[in-house]
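Biologist: Before I use any of the labels on this model, I would like to hear what each one rests on. Please set the values against the cut-offs.

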Amino acid sequence: MQNRTTKCYSYSRWSSAKQGNGTTLERQLDMAKEIADKHKLELVENYKDDGVSAFKGKNSKSGDLAAFINKVKSGEIEQGSWLVVENLDRISREDILKAQRLFMELLELGITIVTGMDGKIYSGCVFR
């Protein structure tokens, strides 16, 4: 278990306006809050890509996910922070090699990824 000083960020994404009109954001935020509480993390910010597809990686190149990654690289977001996603397909829906590179990049940057759908925790434990 972590302590309250460990920061937790949520990343929510949906591809269409129709999905955004439902409970998509609320469901993903509630899940992030539950995970933060369970692991005693400080949930500090939600990044969201409203109507942005991950099929061609737009979210990781110019969306809020890209902003999150850039903040990690610049040190604005600390290594050791957690990123909560509903499912790994929220991060990428690109072909397996591109998706795996993005996933590994996040882990190598020192980010722990947790998927709310199944509660799996992925950590590369690489801190520079």
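Modeller: The chain of this predicted model has 5 helices and 5 strands. Their order from the N terminus is β-α-α-β-α-α-β-α-β-β.

Biologist: What makes Tyr47 and Phe68 an aromatic pair?

Modeller: The ring centres of Tyr47 and Phe68 lie 5.4 Å apart, and rings pair if their centres lie within 6.5 Å, so the two count as a pair. The structure holds 4 aromatic pairs.

Biologist: Why is the pair of Tyr47 and Phe68 called edge-to-face?

Modeller: A pair of aromatic rings is described by the distance of the centres and the angle of the planes. For Tyr47 and Phe68 the angle is 75°. Planes over 60 degrees apart count as edge-to-face, and therefore this pair has that label.

Biologist: Which elements does the pair link?

Modeller: Tyr47 is in strand 2 (residues 42-50) and Phe68 in helix 4 (residues 64-74), with their positions 21 residues apart in the chain. The pair thus links distant parts of the chain. Both residues are buried, and together with Tyr9 they form one aromatic cluster.

Biologist: How do you know that Ser81 is buried?

Modeller: The relative accessible area of Ser81 is 1%. Buried means under 20%, so Ser81 is buried. Ser81 sits in the loop between helix 4 and strand 3 (82-85).

Biologist: What makes the link between Ser81 and Glu78 a polar contact?

Modeller: A polar atom of the Ser81 side chain lies 2.7 Å from the backbone oxygen of Glu78. The limit is 3.5 Å, so the distance meets it. Not counting residues up to four places away in sequence, Ser81 also touches Lys7, Tyr9, Gly110, Ile111 and Thr112.

Biologist: Why is Lys40 called partly exposed?

Modeller: Lys40 has a relative accessible area of 44%. Buried would need a value under 20% and exposed one over 50%; the value for Lys40 falls in between, so the residue is partly exposed. Lys40 belongs to the loop between helix 2 (24-38) and strand 2. Its phi is positive, about 55°, although Lys40 is not a glycine.

Biologist: And what are the values for the whole chain?

Modeller: Of its 128 residues, 41% count as buried. The accessible surface comes to about 7100 Å², and 50% of that belongs to carbon and sulfur atoms. Among contacts between residues at least 6 apart in sequence, 70% join residues at least 24 apart.

Definitions and conventions:
Residues numbered from 1 in each chain as written. Predicted model: local features only at pLDDT ≥ 70, side-chain atom pairs only at ≥ 80, totals over all residues. Heavy atoms only, no water. Phe/Tyr/Trp six-rings, centres within 6.5 Å; stacked < 30°, edge-to-face > 60°. Helix = DSSP H or I, 4+ residues; strand = E, 2+ residues; numbered from the N terminus. Buried < 20%, exposed > 50% of the residue type's maximum accessible area, 1.4 Å probe, protein only. Contact = heavy atoms within 4.5 Å. Areas by Shrake-Rupley, 256 points an atom, 1.4 Å probe, with all protein chains shown as cover. Polar contact = N/O pair within 3.5 Å; in protein donor to acceptor, adjacent residues only side chain to side chain.
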